Amino acid sequence: MNRIQELRKRDGVSLAKLSKILKDSYSITASPQTIMRYEQEKTQPKLDVFESIANHFNVSVPYLQGISDDPVDLKSWEEAT
């Protein structure tokens, strides 16, 4: 399962709710359909979207991307940037 979907389901957040959270809290426009495409790995979010989703779920971007299995792994993030 995709990490975005995993975290969203873990917290009971619908696609529509995550879309609204991204818009209201982070000024990121991502429709529920776009988020579904991220979850299905048909498309990849831009970095600012990854960062916003990671911030909302309180995990690192590398964890969200599947680069790290540690939800708070900032070392992999620093090495990647």
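How much area does the chain expose, and what share of it do carbon and sulfur atoms supply? In this predicted model, the exposed area of the chain is about 5000 Å², and carbon and sulfur atoms supply 46% of that area. Of the 81 residues in the chain, 41% are buried.

The secondary structure consists of 6 helices and 0 strands. Followed along the sequence, the elements give the pattern α-α-α-α-α-α. Among contacts with a separation of 6 or more, 42% join residues that lie 24 or more positions apart.

The packing of helices α1 and α3 was examined next. Two packed helices are described by the angle between their axes and by the distance between those axes. For helix α1, residues 3–10, and helix α3, residues 32–39, the axes come within 7 Å and cross at roughly 120°. An angle that is neither under 35 degrees, nor over 145, nor from 65 to 115 counts as oblique; α1 and α3 are therefore oblique to each other. On the α1 side, the contact is made by Ile4, Gln5 and Arg8, while α3 contributes Ile35, Tyr38 and Glu39. Sorted by class, the residues of this contact between α1 and α3 are 3 nonpolar, 1 polar and 2 charged.

The interior of the chain was then considered. In soluble globular proteins, nonpolar side chains tend to be buried together. The largest nonpolar core in the chain comprises 20 residues. Within this core, the residues with the most contacts are Ile4, Leu18, Leu22, Ile35, Ile53 and Leu64. Two or more residues are given to the core by each of α1, α2, α3, α4 and α5. Helix α4 gives the most, with 5 residues. Two of the core residues named above, Ile4 and Ile35, also take part in the contact of α1 with α3.

Helix α4 spans residues 47–57, and its buried residues are Val49, Phe50, Ser52, Ile53, Ala54 and Phe57. The cover over these buried residues includes α1, α2 (residues 15–26), α3 and α5 (residues 61–65). Ile53 of α4 illustrates the arrangement at the level of a single residue: when residues up to four places away in sequence are not counted, Ile53 touches Ile4, Leu22 and Leu64. These three partners are themselves among the residues with the most contacts inside the core. Just after α4, Asn58 takes a positive phi of about 60°.

Notes. Residues are numbered from 1 along each chain as its sequence is written. This is a predicted model: local features need pLDDT of at least 70, side-chain atom pairs count only at pLDDT 80 or more; totals for chains, interfaces and linings use all residues. Side-chain values use heavy atoms; hydrogens and water are left out. Axes are lines fitted to C-alpha atoms, for helices over the stretch in contact, and angles run from 0 to 180 degrees between N-to-C directions. Helices (H or I, at least four residues) and strands (E, at least two) are DSSP runs, numbered from the N terminus. Contact means heavy atoms within 4.5 Å. Ala, Val, Leu, Ile, Met, Phe, Trp, Tyr, Cys and Pro count as nonpolar, Asp, Glu, Lys and Arg as charged, and the others, Gly among them, as polar. Buried means under 20% relative accessible area, exposed over 50%, partly exposed in between (1.4 Å probe, protein chains only). Accessible areas come from the Shrake-Rupley method with a 1.4 Å probe; for residues, only the protein chains shown count as cover. A nonpolar core is a set of buried Ala, Val, Leu, Ile, Met, Phe, Trp, Tyr and Cys residues joined through side-chain atoms within 4.5 Å.
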